[in-house]
Amino acid sequence: MLSVFKQFILRGNVVDMAVGVVVGAAFAGVVGSFTKDLLTPLIAAIVGKPDFSAISFTVNGSIFLLGDFINALVAFLLVAAAVYFFVVTPVNLLVARMRKAPAPADPTTKKCPECLSEIPIDARRCAHCSQPVLAHSA
């Protein structure tokens, strides 16, 4: 039973997932700091107010903190945009650059030298004009 557990733990998918979770947690701090320390002040410089927490309304004595929701929504959008533009897009470009174009498939037909119709590559005689054709040399 212990050897099966060891085999499960050492399987590539589990180790990759664990590494992904650890790197993701560390990256969350970087993205959070980028959003809080750089993007939010930039928006504050443009719009004039980075904090919407003072916006609220009351219905029947219940206070609805609309500003906190707006702050969370803006933070989410900033994090999503930062991840997309600074991580996803560059990684996609890098992966696209590293991919090799697939090799072209070997031809399965050739043209008859007499009537120029398409015939199988191994044909010795054209089916259209019945002219002898040189066999494909491999």
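Here are some notes on this predicted model, going from the long-range helix geometry to the cysteines and the loops around them.

1. **Helix α3, length check.** Helix α3 covers residues 66-98, which is 33 residues. At 1.5 Å a residue you would expect a span of 48 Å, and the end C-alpha atoms sit 46 Å apart, so the two figures agree.

2. **Helix α3, the bend.** Agreement on length doesn't rule out a bend, and α3 has one of about 35 degrees at Tyr-84. If you plan to fit an axis to this helix, Tyr-84 is the residue to look at on screen.

3. **Helix α3, what is covered.** Buried residues in α3 include Gly-67, Leu-78 and Ala-82. Val-74 belongs to the helix too, but its relative accessibility is 29%, so Val-74 counts as partly exposed. For a sense of scale, Val-74 and Glu-114 are 40 residues apart in sequence, and their C-alpha atoms are 71 Å apart in space.

4. **Aromatic pairs.** How many aromatic pairs does a search of the whole structure find? The search gives two. Phe-57 and Phe-64 make a stacked pair, at 5.0 Å centre to centre with 10 degrees between the planes. Both rings' residues are partly exposed: Phe-57 has a relative accessible area of 41%, and Phe-64 has 40%. The other pair is Tyr-84 with Phe-85, where the centres are 5.0 Å apart and the planes lie at 80 degrees, so this pair is edge-to-face. Tyr-84, the bend residue again, is partly exposed at 44%, while Phe-85 is exposed at 54%.

5. **Cysteines without disulfides.** The structure holds zero disulfides. Why is Cys-112 not bonded to Cys-129? The sulfur of Cys-129 is the closest cysteine sulfur to that of Cys-112, but the distance is 3.7 Å, which is too far for a bond because the cut-off is 2.5 Å. Cys-126 tells a similar story: its closest cysteine sulfur is in Cys-115, 3.6 Å away, and that is also too far for a bond.

6. **The nonpolar core.** Cys-112 is buried, at 0% relative accessibility, and Cys-126 is buried as well, at 3%. Both turn up in the largest nonpolar core, which has five residues: Cys-112, Ile-119, Ala-123, Cys-126 and Val-133. In soluble globular proteins, nonpolar side chains tend to be buried together. Leaving out residues up to four places away in sequence, Cys-126 touches Cys-112, Cys-115, Ser-117, Ile-119, Gln-131 and Val-133.

7. **Ser-117, beside the cysteines.** Is Ser-117 buried or exposed? With a relative accessible area of 16%, Ser-117 is buried, because the limit is 20%. Ser-117 sits in the loop between β3 (109-111) and β4 (118-120). Beyond its neighbours within four places in sequence, Ser-117 touches Lys-110, Lys-111, Cys-112, Cys-126 and His-128, so two of the core cysteines from point 6 are on that list.

8. **Thr-108, leading into β3.** Thr-108 lies in the loop between α3 and β3, and at 61% relative accessibility it counts as exposed. Exposed or not, Thr-108 still has contacts further along the chain, with Ile-119, Pro-120 and Ile-121. Ile-119 is one of the core residues. Thr-108 and Glu-118 are ten residues apart in sequence, with 9.7 Å between their C-alpha atoms.

Definitions and conventions:
Residues numbered from 1 in each chain as written. Predicted model: local features only at pLDDT ≥ 70, side-chain atom pairs only at ≥ 80, totals over all residues. Heavy atoms only, no water. Helix = DSSP H or I, 4+ residues; strand = E, 2+ residues; numbered from the N terminus. Expected span 1.5 Å × (residues − 1). Bend = angle between axes of the 7 residues up to and from the residue. Buried < 20%, exposed > 50% of the residue type's maximum accessible area, 1.4 Å probe, protein only. Contact = heavy atoms within 4.5 Å. Phe/Tyr/Trp six-rings, centres within 6.5 Å; stacked < 30°, edge-to-face > 60°. Core = buried A, V, L, I, M, F, W, Y, C linked by side-chain atoms within 4.5 Å.
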